[in-house]
Amino acid sequence: MEKLSNYKYTMDQCNHCGQCKWIHPSGMHGWDYSEICPIFHEYGFDACSGQGLINIAKEIMNGTLQYGDGLEKMIYSCTACGACDINCKSVRDMEVLDCILALREDCAVNGTLPEAITERKKNIGESHNIYGLPHSDRWNWIPKDCGEDPNSDTVLFLGCAVSYRQRETALAAMKLLRAGGVSFRLLREEEWCCGGILWRNGQTDAAEKVIRRNMDLLHGQGVRTLITACGECFGFFRGAYPKFGAVSFRVRHISEVAAELLEKGKLAFHKLDIDGPVTYHDPCLLGRLSEEYVPWKGTIHSYGLHEPEKVWRRGEYGVYDAPRMLLRSIPGLELREMPRNCENAFCCGAHAKDADQEFALKTAAERRREAKSTGAGCVITACPFCEEALSEPGENALPCVELTRLLADALEGGEE
Ligand code: SF4
Ligand code: SF4
């Protein structure tokens with residue numbers, strides 16, 4: 001779908017300024033925690049950064065560099081977190097992340113992918129989930145009396161990680177919706193992986209099949225609102241799905257719905273047994289990568305003038321306020337911000353795991369170091385992948401709690 005040559009403008013415009021490696025000075029809080037690219041932070045040389053990957057893409061396009069000798073691992077160690085993209089866009093208009101993803105698409109066809117990435121594709125093709133577990137395990141645990149309304153035009157989409165590994169999060173999301181009086185239904189056996197991981201890995205043909213199947217299903221059933229229990233699914237539905245066709249349903253994350261219910265007085269929270277302050281980790285796909293993708297086709301004139309005007313995704317309109325508002329509404333809970341937050345949040349490293357496990361663990365430890373620097377006794381997040389990554393054993397251990405479950409525990413006057 002994407003050719004490397006589509007990003008020639010970005011490749012040519014990169015002037016090696018290095019902004020993609022650092023938080024823009026206006027948002028910096030000092031030297032420590034000013035780096036924004038996890039691979040650059042760990043490996044410290046240019047090839048491992050947005051800038052470097054753009055240069056690699058250009059060399060591949062020009063035929064002056066070939067895959068092999070560890071290049072594929074380097075390309076897939078990048079967590080595709082998009083921090084380079086939005087920080088580059090703080091100084092110029094070009095598409096760093098899309099260029100990296102186009103490089104992956106080329107790599108998936110012409111290179112040799114890390115084995116775990118090939119495995120994911122096989123799993124999704126065979127059993128519709130990223131783990132290769134039986135499809136029936138996706139829904140056979142859901143209680144019959146979960147409160148769904150089979151006629152609702154609102155679907156609660158659970159996602160692979162929540163359905164298979166974090167079922168408490170799914171139950172918590174249902175509890176919040178019931179408490180707020182929101183009518184919803186589940187897809188159960190009709191729910192498949194959202195396909196986002198295939199798209200991010202450049203396995204575009206496979207991604208397209210899954211995404212088109214999901215869109216046809218949801219459109220065919222007249223779904224008007226899709227609520228996701230997973231920050232990652234949310235980002236893919238908003239950021240990737242429109243690349244494959246018009247999306248007619250509204251996509252919302254459970255935290256946005258809960259915040260709206262709170263504002264309307266339909267939810268209230270009681271004090272929790274948590275000692276000391278907490279901090280919040282913004283998942284990339286709930287934050288900077290969740291802005292809606294608006295297709296653009298046109299001409300790029302001199303000085304980068306895009307005609308017709310292009311809607312740029314700069315990460316400013318991610319879901320940042322809702323989780324914070326919810327946390328602040330829990331009596332006695334003190335929320336402290338990490339130096340890198342909202343669109344400048346440092347990635348937890350979860351998505352590098354398939355290509356570079358050691359680096360992924362170090363990245364999670366670096367994020368925990370930052371979380372601990374706030375004095376918080378626990379880190380809260382709103383994505384099952386971030387929760388898993390931040391909970392991995394390693395340096396700077398710190399309890400990690402998923403937001404939906406925390407809210408369900410704090411529900412005032414709620415059911416058990
Ligand atoms: S990708 Fe953007 S921020 Fe990074 S070096 Fe190139 S122009 Fe500068
Ligand atoms: S997407 Fe994230 S990890 Fe990859 S180059 Fe950009 S900032 Fe670095």
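Q: In this predicted model, which helix gives the most to the shell around ligand 1?
A: That's helix 3, with three residues.

Q: Which residues come closest to ligand 1?
A: There are 13 residues around ligand 1, and the closest are C14, Q19, C20, Q51 and C88. Sorted by class, the shell around ligand 1 has six nonpolar, six polar and one charged.

Q: What makes up the shell around ligand 2, by class?
A: You'll find 11 nonpolar and four polar residues there, and no charged ones. Cys counts as nonpolar, and so does Ala. The nearest of the 15 residues are C37, C78, C81, A83 and C84. As for elements, helix 2 (38-43), helix 3 (50-62) and helix 5 (83-88) each give two or more residues to the shell around ligand 2.

Q: Why is helix 13 called oblique to helix 14?
A: Start with how packing gets described: we use the angle between the two axes and the distance between them. Here the axes of helix 13 (residues 254-263) and helix 14 (residues 321-328) come within 8 Å and cross at roughly 50°. Angles under 35 degrees would be roughly parallel, and 65 to 115 roughly perpendicular. The crossing angle fits neither range, so helix 13 is oblique to helix 14.

Q: Which residues make the contact between these two helices?
A: Helix 13 brings S255, E256, A258, A259 and L262, while helix 14 brings A322, P323, M325 and L326. By class, that contact has seven nonpolar residues, one polar and one charged.

Q: Is the crossing of helix 13 and helix 14 left-handed or right-handed?
A: It's left-handed.

Key
Residues numbered from 1 in each chain as written. Chains lettered and ligands numbered in written order. Predicted model: local features only at pLDDT ≥ 70, side-chain atom pairs only at ≥ 80, totals over all residues. Axes fitted to C-alpha atoms, helices over the stretch in contact; angles between N-to-C directions. Helix = DSSP H or I, 4+ residues; strand = E, 2+ residues; numbered from the N terminus. Parallel < 35°, antiparallel > 145°, perpendicular 65-115°, else oblique. Left-handed = near helix turned anticlockwise from the far one by under 90°. Contact = placed C-beta atoms within 7 Å. Near = placed C-beta within 6 Å.
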